[in-house]
Amino acid sequence: MSATRHRSGTAFDRPHSQERSLVTLAADFGTGEVLWSFLWFFLFFIFIMLIFQIFGDILRSDDLSGWGKALWSLFIIFIPFLGIFVYVIARGGKMHERQLQAMQKHQQATQQYIRDTAASADPATQLAQLAELHTAGKLDDTEYAAAKAKVIS
């Protein structure tokens, strides 16, 4: 009998009491708290997105030197809230322009690569590749004839 009395209030009862407290906490978590939690999660998500956008802008910026990029990065890493707000106020006006320029450079490079790749294959090489595909059985006679006519014309 004393052994059962000794067990009560010890570590055997703790998981059960913690489970009860979690259930009570979940029951007390009302609509207001849920909305408040969603708001804080949304603000945290925006904060993370801003950090990524600003680091991308810092790295693609042509008007900043290496030291300037390093100082802005350190400012945002060590004092994030103030660093983000100061960066957006000081350099935020041209963030869109720098992003647009980077996208245009990427588009031009992609188009140039496509042009270079497409122009490098002369008709004789294309016909040889078609013949290899036809003999390997990957193209049937109608597909081979259509592709051959397309290369010749």
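In this predicted model, the largest pocket has a volume of about 150 Å³. Its lining is made up of Arg60, Asp62, Asp63, Lys94, Glu97, Arg98, Gln101, Ala102 and Lys105. By residue class, seven of these lining residues are charged, one is polar and one is nonpolar. Helix 6, which spans residues 95–120, gives the most to the lining of the largest pocket, with five residues.

A helix packing is found further along the chain, between helix 7 (residues 123–136) and helix 8 (residues 141–152). The axes of helix 7 and helix 8 lie 10 Å apart, at an angle of about 180°. Angles over 145 degrees count as roughly antiparallel, and helix 7 and helix 8 are therefore roughly antiparallel to each other. The residues of this contact divide into seven nonpolar, two polar and two charged. The table lists the residues that each helix brings to the contact.

| Helix | Residues in the contact |
|---|---|
| Helix 7 | Pro123, Gln126, Leu127, Leu130, Ala131, His134 |
| Helix 8 | Asp141, Tyr144, Ala147, Lys148, Val151 |

Aromatic pairs are a further feature: the structure holds four of them. One of these is formed by Trp36 and Trp40, with 5.9 Å centre to centre and 80° between the planes. The arrangement of Trp36 and Trp40 is edge-to-face, a class that applies to planes over 60 degrees apart. Both Trp36 and Trp40 belong to helix 3 (residues 31–60). Within helix 3, Trp36 and Trp40 are four residues apart, about one turn of the helix.

Technical notes: Residues numbered from 1 in each chain as written. Predicted model: local features only at pLDDT ≥ 70, side-chain atom pairs only at ≥ 80, totals over all residues. Heavy atoms only, no water. 1 Å grid on protein atoms, 1.4 Å probe; cavity = no way out; pocket = protein on both sides within 12 Å on 5 of 7 lines; lining within 4 Å. Points joined across faces, edges and corners; volume = space filled by probe spheres on them. Helix = DSSP H or I, 4+ residues; strand = E, 2+ residues; numbered from the N terminus. Nonpolar A, V, L, I, M, F, W, Y, C, P; charged D, E, K, R; others polar. Axes fitted to C-alpha atoms, helices over the stretch in contact; angles between N-to-C directions. Parallel < 35°, antiparallel > 145°, perpendicular 65-115°, else oblique. Contact = heavy atoms within 4.5 Å. Phe/Tyr/Trp six-rings, centres within 6.5 Å; stacked < 30°, edge-to-face > 60°.
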